[in-house]
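Subject: The structure you asked about

Hi,

Here is the structure for you to open alongside this message. Have a look around, and then read on for my notes.

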Amino acid sequence: MTRVLILGANGQLARNTIPFLLAAPSVELTLYLRRAIRIANPDPSRVDIVEGDVLDRETLCGAMQGPDAVYANLAGSEMAQQARAIVDVMQTVGVRRLIFISSMGIYGEVPGERYRSILDPYRDAAAVIEESDLDYTILRPGWFTRDSQISYQLTQKGQPFVGHDVSLNSLSDLIVRLATTKELHVRCSVGVSKA
């Protein structure tokens, strides 16, 4: 059994990914979000829902008891502070595997585009995670599309980003692979775009 904690479970990508994770019969989920009323429990026998803020250490510690992987799907100006809280609690409770959603462009790796300050929270959060000793994978997706096709390519940190779009289904497929395969892309920051 693989237990996955989803932080920011009401986000667009997280909501798309939940059915993909539940399609694997050996996965159990904890959905963590600020307002639990916003999400219906898709399978009470395999899913727990926790209401809480990532910056609430006590609630986050409670939710981190037992997961094999943490998938963080966060946004906003407090991302670096949230990343520090996640790293701190994971190190305290002994959870190692973190999948963290960031954005393309945080390293100035998109050809023809200039770095913009709107990416600062994503870049700063990635820096916090990269300085940790966790088994992290940072995903830097392109713009989300609703294509049903699963087709994506990966670029590593330091390589130019290829393309601009990627389907939610492609990202969800990759997140499931990362959550259920401990060694896959560990300590990597991976750009994800349509193949």
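Let me begin with one tyrosine: Tyr115 sits in the loop that runs between β5 and α4 (120-130). Please keep in mind that this is a predicted model. Is Tyr115 buried, partly exposed or exposed? Its relative accessibility is 34%, so Tyr115 falls in the partly exposed class. Leaving aside residues up to four places away in sequence, Tyr115 makes contact with Gly105, Ile106, Asp120 and Arg123. If you want a distance to check on screen, the C-alpha atoms of Tyr115 and Lys194 are 21 Å apart, with these positions 79 residues apart along the chain.

Now for the sheet. Its 8 strands form an open sheet, and the order across it is β3-β2-β1-β4-β5-β6-β10-β8, with mixed pairing. Strands β3 (47-51) and β8 (152-156) are at the edges; each has a single partner strand, so one side of each has no neighbour in the sheet. On average, neighbouring strands here are turned by 20° against each other, direction ignored. As a reminder, the strands of a sheet pair through backbone hydrogen bonds, in either a parallel or an antiparallel way.

At the β3 edge, strand β2 (residues 27-33) runs parallel to β3 and is joined to it by 5 bridges. One pair to look for there is Leu33 with its bridge partner Glu51 in β3. Helix α1 (residues 12-22) packs on the sheet, where it touches β1 (2-7), β2, β3, β4 (69-72) and β5 (97-101). The direction of α1 makes about 160° with that of β2.

Moving across the sheet, β5 and β6 are paired in the parallel sense over 5 bridges, and Phe100 has Ile138 in β6 as its bridge partner. Strand β6 (residues 135-141) in turn pairs with β10, again in the parallel sense and over 5 bridges. Arg140 and Gly191 of β10 are bridge partners. At the β8 edge the sense is antiparallel, with 5 bridges between β8 and β10; there Gln153 stands opposite Ser193 in β10.

How many residues of strand β10 (residues 188-194) are buried? The count is 6 of the 7, so β10 is largely enclosed by the rest of the structure. Strand β6 is mostly covered too, with 6 of its 7 residues buried.

Helix α4 also has buried residues, namely Pro121, Ala125, Ala126, Val128, Ile129 and Glu130. The elements that cover them include α3 (79-93), β5, β6 and β10.

Two residues ahead of β10 have backbone angles you may want to look at. His185 is in the loop between α5 (168-180) and β10, and its phi is near 55°, which is positive in a residue other than glycine. Arg187 belongs to the loop between α5 and β10 as well, with phi near 60°, also a positive value in a residue other than glycine. His185 has a relative accessible area of 21% and is partly exposed. Arg187 is partly exposed too, at 39% relative accessibility.

Last, the pockets. Rolling a probe the size of a water molecule over the atoms shows where empty space is left. The largest pocket holds about 830 Å³ of space. Which residues lie nearest its centre? Of the 37 residues in its lining, they are Asn73, Leu74, Ala75, Ile101 and Tyr122. At least two lining residues come from each of α1, β2 and β7 (143-145). By class, the lining of the largest pocket has 17 nonpolar, 12 polar and 8 charged residues.

The second largest pocket contains about 170 Å³ of space. It is lined by 15 residues, and Arg3, Glu28, Leu29, Thr30 and Asp48 are the closest to its centre. Strands β1, β2 and β3 each give two or more residues to this lining, which divides into 7 nonpolar, 4 polar and 4 charged residues.

Happy to go through any of this with you on screen.

Best wishes

Key. Residues are numbered from 1 along each chain as its sequence is written. This is a predicted model: local features need pLDDT of at least 70, side-chain atom pairs count only at pLDDT 80 or more; totals for chains, interfaces and linings use all residues. Side-chain values use heavy atoms; hydrogens and water are left out. Two strands pair if DSSP finds at least two bridges between them. Helices (H or I, at least four residues) and strands (E, at least two) are DSSP runs, numbered from the N terminus. Axes are lines fitted to C-alpha atoms, for helices over the stretch in contact, and angles run from 0 to 180 degrees between N-to-C directions. Contact means heavy atoms within 4.5 Å. On a 1 Å grid over the protein atoms alone, a cavity is a set of points where a 1.4 Å probe fits but cannot get out, and a pocket is an open set with protein on both sides within 12 Å along at least five of seven lines; lining residues have an atom within 4 Å of a point. Grid points are joined across faces, edges and corners, and a volume is the space filled by probe spheres set on the points. Ala, Val, Leu, Ile, Met, Phe, Trp, Tyr, Cys and Pro count as nonpolar, Asp, Glu, Lys and Arg as charged, and the others, Gly among them, as polar. Buried means under 20% relative accessible area, exposed over 50%, partly exposed in between (1.4 Å probe, protein chains only).
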